[in-house]
Amino acid sequence: MHIFINDVATECPENSTILQVLTQQDISPLNIAIALDNTVVPKAQWETTLVRDGSQLLIIKAVQGG
């Protein structure tokens, strides 16, 4: 199925969870926040939240600076 990660078209298997997509794309789950179709998904729900064909994942990485 086709999804979008930060507006980039990406392929992933049907019935993938957010965590599975991160693993498949080699994206570290540390220090990031995720919105699925414009709704923030708590990290505790990444393992059970399914993405659908056409879903939009927005991944925001926390950066420390000064």
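The following exercises, each with a worked solution, treat a predicted model.

Residues are numbered from 1 along each chain as its sequence is written. Because the model is predicted, local features need pLDDT of at least 70 and side-chain atom pairs count only at pLDDT 80 or more, while totals for chains, interfaces and linings use all residues; side-chain values use heavy atoms, with hydrogens and water left out.

**Exercise 1. Confidence**

Task: State the average pLDDT of the protein and identify the elements with the lowest and highest confidence.

Solution. Step 1: pLDDT is the predictor's confidence in each residue, from 0 to 100. Step 2: the protein averages 95, and 98% of the residues score at least 70. Step 3: confidence is lowest in S5, with a mean of 96, and highest in S1, at 98.

**Exercise 2. The sheet**

Task: Determine the strand order of the sheet and its edge strands.

Solution. Step 1: strands (E, at least two residues) and helices (H or I, at least four) are DSSP runs, numbered from the N terminus. Step 2: two strands pair if DSSP finds at least two bridges between them. Strands of a sheet pair through backbone hydrogen bonds, either parallel or antiparallel. Step 3: the five strands form an open sheet in the order S2-S1-S5-S3-S4, with mixed pairing. Step 4: S2 and S4 are the edge strands, each pairing on one side only. Step 5: from one strand to the next, the twist averages 35°; axes are lines fitted to C-alpha atoms, for helices over the stretch in contact, and angles run from 0 to 180 degrees between N-to-C directions.

**Exercise 3. Strand S1 and its partners**

Task: Describe how S1 pairs with S2 and with S5, and how the side chains of S1 are disposed.

Solution. Step 1: S1 (residues 2-5) pairs with S2 in the antiparallel sense over four bridges. Step 2: in this pairing, His2 stands opposite Glu11, and Ile5 stands opposite Val8. Step 3: the hairpin of S1 and S2 has two residues between the strands, and Asn6 takes a positive phi near 50°. Step 4: the pairing of S1 with S5 is parallel, over two bridges, and Phe4 stands opposite Gln56 in S5. Step 5: side chains alternate along S1, with Ile3 and Ile5 pointing to one face and buried, whereas His2 and Phe4 point to the other and are not buried. Here buried means under 20% relative accessible area, exposed over 50%, and partly exposed in between (1.4 Å probe, protein chains only).

**Exercise 4. Two polar side chains**

Task: For Thr10 and Ser55, give the location, the accessibility and the backbone oxygen that each side chain approaches.

Solution. Step 1: Thr10 is found in strand S2 (residues 8-11) and is buried, with a relative accessible area of 12%. Step 2: its side chain reaches the backbone oxygen of Val8 at 3.1 Å. This is a polar contact, a pair of N or O atoms within 3.5 Å; within protein, one must be able to donate a hydrogen and the other to accept it, and residues adjacent in sequence count only if both atoms are side-chain atoms. Step 3: apart from neighbours within four places in sequence, Thr10 is in contact (heavy atoms within 4.5 Å) with Met1, His2, Ile3, Ile5 and Gln25. Step 4: Ser55 lies in the loop between S4 (39-41) and S5 (56-61) and is buried at 2%. Step 5: a polar atom of the Ser55 side chain lies 2.8 Å from the backbone oxygen of Arg52. Step 6: setting aside residues up to four places away, Ser55 touches His2, Ile3, Phe4, Leu36 and Asp37.

**Exercise 5. The salt bridge**

Task: Which residues does the salt bridge join, and what parts does it tie together?

Solution. Step 1: a salt bridge is a side-chain nitrogen of Lys or Arg within 4 Å of a carboxyl oxygen of Asp or Glu; the count comes to one. Step 2: Asp37 pairs with Arg52, the closest N and O atoms being 3.4 Å apart. Step 3: Asp37 lies in the loop between S3 (32-36) and S4, and Arg52 in the loop between S4 and S5, so the pair ties together parts 15 residues apart in sequence. Step 4: Asp37 is partly exposed at 29% relative accessibility, and Arg52 is exposed at 57%.
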